[in-house]
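Q: I would like to learn to read this fold step by step. Where should we begin?

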Amino acid sequence: MRRFALLLVLLVAALHAGVPAMAAQKVTDFTLDNGMDVVVIEDHRAPVAVHMVWYRVGSADEPRGRSGIAHFVEHLMFKGTETMGPGEFSDVVSANGGTDNAFTSYDFTGYFQRVAADRLDLMMKMEADRMVNLRLTEQDIVTERDVILEERNQRVENDPGSLFREQRNAALYLNHPYGTPIIGWRHEMEQLDMAAAKEFYSAHYAPNNAILIVAGDVTPEEVRALAQEHYGPIPASDAIAPRLRPQEPPHLAPRRIVFEDQRVAQPYLARDYLAPERDSGAQEEAAALVLLGQVLGGGQTSVLNRKLRFEQQIAVYAGAFHDATSLDTSSFGLIVVPAEGVSLAEAEDALDKALAEFMKEGVDAEQLDRIKLQLRASRIYESDDVEQVANRYGRALTQGLTVEDVQAWPDVLQAVTAEDIMEAAGRLFDANRSVTGWLTPVAVPAVAAPATGRTGEMTQ
């Protein structure tokens, strides 16, 4: 209690100290005539601006059989246009004292530059250019295809944990494209060609499928004028189609996988459940699951760590997490790394027992208050980095949320009650909507699911 009281005093002081930083950020949004959405986040503490263009397209929007094409096109966007040569975009950013990069996820593709605020005009000019004027050669295709294949080698093929996660996702999503890796399946990546790249680029890269986010030492009036000058003349595309994706059928049975790889130094088990995402105007269920993740595995005082690590010494690590921001049905994950001499079967039994006990005991009120306080502090500390703030808005807006949803989210989290968390947990822990996986260096006996336990099914 003394430690909690001290933490409370320190964090409350931090919250009060952070109020001016939060007040310094003003968010304005508007839409250009061609359909391009614009968000301006003012923060005048330093003469720096972050310029981001987010496209409402990611790997989950790829045509079947062309996995990896979204990430491939992201790489190709740096190859050049009618006015800029390959690599020149990044060279110009660097020459102007800035940094740039890009990223692809299931639901979005983003490009950003962090520069001095007086270089914003140049960034918009270059980004608008490659939105419609990308020029590729066959050599570009061959070279960059080799690059993404090597990236898969390094990030996935050479990492048993990544391969394990890939297999679990594929088992969790029976029909939805979230079951396909963002980087793509190797055999399909090897077939990506010029025609596929041009078709994907033409179908998705347009102002009416993009969100411009500018954060930093700027004003809405300045950003509007520059956006109208550089992005405004680009016509909206008639090719932009609604994001209609294959959805999940009813899940009628739990799934289990055992992934063996001799490179595994530390075996562990993971369980994933299908879980609700944040929906515009209805974020409460996802918020309850975010807090459930914190209650179960958010730190050393969490339920699983207390029970499995410190009381029983069954595990050296236990975690739980919910990826709430997602366009379609997301997932909730549990991980347990067993202690030396503890088998995966024993660790899983202990996990099931701990979850069953939690469902009977409920949420500790003091722990929930502490978690909420830490979330408030974390959000204020995060506001010191305009790039993180811009990312928060970009992720949300490309995944079906609004500016108002983003601004309401902290209050939605704070409004979650212990009862809300337990009700969400009762709906979440449905064994038929789960995948349990073991990662191990050696073959282990197949585990037949018993009548109770080890299936992840919970009752309240």
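Q: Which residue stands opposite Val27 in β2?
A: To read a pairing, follow one strand and look across to its neighbour. Here Val27 faces Ile41 in β2. Note that this is a predicted model.

Q: How many bridges pair β1 and β2, and in which sense?
A: Count the bridges, then compare the strand directions. β1 and β2 share 6 bridges and pair in the antiparallel sense. Another pair in this ladder is Thr31, which stands opposite Asp37 in β2.

Q: What lies between the strands of this hairpin?
A: Look at the connection and its backbone angles. The hairpin of β1 and β2 has 5 residues between the strands. Gly35 takes a positive phi there, near 95 degrees.

Q: What is the strand order in the open sheet of 6 strands?
A: Read across the sheet, not along the chain. The order is β1-β2-β6-β3-β5-β4, and the pairing is mixed. β1 and β4 (99-104) stand at the edges, each with a single partner strand, so one side of each has no neighbour in the sheet. From one strand to the next, the twist averages 15 degrees.

Q: Where does helix α2 pack on this sheet?
A: Check which strands the helix touches, then its direction. Helix α2 (residues 69-76) touches β4 and β5. Its direction makes about 165 degrees with that of β4.

Q: In which sense do β2 and β6 pair?
A: Take this step across the sheet by itself. β2 and β6 run parallel, paired over 6 bridges. Asp37 has Ile211 as its bridge partner in β6.

Q: Is β2 mostly covered or mostly open?
A: Count buried residues along the strand. For β2 the count is 5 of 6, so the strand is mostly covered, where buried means under 20% relative accessible area.

Q: What about β3: how many of its residues are buried?
A: Apply the same count. In β3 (residues 48-55), 7 of the 8 residues are buried. β3 joins strand β5 (residues 109-116) through 8 bridges, running antiparallel. In that ladder Ala49 has Val115 as its bridge partner. β3 also pairs with strand β6 (residues 210-216), in the antiparallel sense, over 7 bridges. There Trp54 stands opposite Ile211.

Q: Which residues of helix α9 are buried?
A: List them, then look down the axis. In α9 (residues 220-230) they are Pro220, Val223, Leu226, Ala227 and His230. Seen down the axis, they fall within an arc of 135 degrees, so they line one face of the helix.

Q: What covers that face of α9?
A: Look for the elements in contact with the buried residues. The cover of the buried residues includes β1 (26-31), β2 (37-42), α4 (120-132) and β6.

Q: How are the 5 strands of the other open sheet ordered?
A: Read across again. The order is β7-β11-β8-β10-β9, with mixed pairing. The edge strands β7 (255-260) and β9 (315-322) each pair on one side only. The twist averages 15 degrees from one strand to the next. β9 and strand β10 (residues 330-338) run antiparallel, joined by 7 bridges. Ala318 has Val336 in β10 as its bridge partner.

Q: Which strands do helices α6 and α12 touch on this sheet?
A: Take the helices in turn. Helix α6 (residues 160-172) touches β7, β8 (268-275), β10 and β11 (434-440). Its direction makes about 160 degrees with that of β7. Helix α12 (residues 344-361) touches β7, β8, β10 and β11. The direction of α12 makes about 40 degrees with that of β8.

Q: Is Ile421 buried or exposed?
A: Place the residue, then check its area and contacts. Ile421 sits in helix α16 (residues 418-428). Its relative accessible area is 0%, so Ile421 is buried. Leaving out residues up to four places away in sequence, Ile421 touches Ala288, Leu291, Leu292, Val295, Val363, Leu368 and Val416.

Q: How many helices and strands does the whole chain have?
A: Finish with the overall totals. The chain has 16 helices and 11 strands. Its radius of gyration is 24 Å, close to the 23 Å that the globule rule gives for 460 residues, so the chain is as compact as a globular protein of that length. Buried residues make up 53% of the 460 residues.

Definitions and conventions
Residues numbered from 1 in each chain as written. Predicted model: local features only at pLDDT ≥ 70, side-chain atom pairs only at ≥ 80, totals over all residues. Heavy atoms only, no water. Pairing = 2+ DSSP bridges. Helix = DSSP H or I, 4+ residues; strand = E, 2+ residues; numbered from the N terminus. Axes fitted to C-alpha atoms, helices over the stretch in contact; angles between N-to-C directions. Contact = heavy atoms within 4.5 Å. Buried < 20%, exposed > 50% of the residue type's maximum accessible area, 1.4 Å probe, protein only. Rg over C-alpha atoms; globule rule 2.2 N^0.38 Å. Arc of directions from axis to C-beta.
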